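Reader: I should like a close look at a single part of this model, namely its salt bridges. Please treat the pairs in turn, with the placement and exposure of each partner.

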Amino acid sequence: MISDFRLKHGEGRVTMDATLVRIAHEQAKAMAAKETLDHDVLGSFNSRVAPAKAGRAAENIAYGYDSFEKTLGQWIDSAGHRKNLLLHNASRVGIASVKSASRRTYWAMVIAGDYEPPPPAAGKRAPPASHKKPTVQACRIKLIGLCL
């Protein structure tokens, strides 16, 4: 559903990412445990999303709706949440919901992109850096070894 919305608005598809799902689930679980809607319930967003190693990321949270479709509709109707859904260059997403003791459903979505390239696999050597020859310019005047 998120990819369909993004495509309709000129952005690319996103795929589910296990790390982002875990981050979203921890957030939803903490909000449900404390019965509070709060981005900082587990600490700053930047510290929580760091394990994803994304260059950019955003988070939407909500409570109350039992279905993701209704929750997504609420986010689409909110300017700030909509902006997060349309995060430029996003390629991965994680979504989770947890019911609180009072049976209220808490939602968290983390969307991210601009990922760092993966490190070379163990035992494999990285390709050698290319050694470009310096560009040589023709001299108009050569004076005491200086090319002008």
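Author: Relative accessible area sorts residues into three classes: buried under 20%, exposed over 50%, and partly exposed in between. With these limits, Asp66, at 59% relative accessibility, counts as exposed. The model is a predicted one, and a search of the whole structure finds 6 salt bridges; three of the pairs are described here.

In one of them, the side chain of Asp66 meets that of Lys99, with an N to O distance of 3.1 Å. Asp66 belongs to the loop between strand 2 and helix 4, whereas Lys99 belongs to strand 3, so this pair ties together parts that are 33 residues apart in sequence. Lys99 has a relative accessibility of 38% and therefore counts as partly exposed.

Another salt bridge joins the side chains of Asp114 and Arg56, at 3.0 Å from N to O. Since Asp114 is in strand 4 and Arg56 in strand 2, the contact ties together parts that are 58 residues apart in sequence. Asp114 is partly exposed, at 36% relative accessible area, and Arg56 is partly exposed as well, at 33%.

The pair Glu26 and Arg22 also forms a salt bridge, 3.1 Å from N to O. Both residues lie in helix 2, 4 residues apart, or about one turn of the helix. Glu26 is partly exposed at 37% relative accessibility, and Arg22 is partly exposed at 38%. Helix 2 also takes part in the largest nonpolar core, to which it gives the most, with 7 residues. Among the 19 residues of that core, Leu20, Ile23, Val49 and Val110 touch the most other members.

How values were computed. Residues are numbered from 1 along each chain as its sequence is written. This is a predicted model: local features need pLDDT of at least 70, side-chain atom pairs count only at pLDDT 80 or more; totals for chains, interfaces and linings use all residues. Side-chain values use heavy atoms; hydrogens and water are left out. A nonpolar core is a set of buried Ala, Val, Leu, Ile, Met, Phe, Trp, Tyr and Cys residues joined through side-chain atoms within 4.5 Å. Buried means under 20% relative accessible area, exposed over 50%, partly exposed in between (1.4 Å probe, protein chains only). Helices (H or I, at least four residues) and strands (E, at least two) are DSSP runs, numbered from the N terminus. A salt bridge is a side-chain nitrogen of Lys or Arg within 4 Å of a carboxyl oxygen of Asp or Glu.
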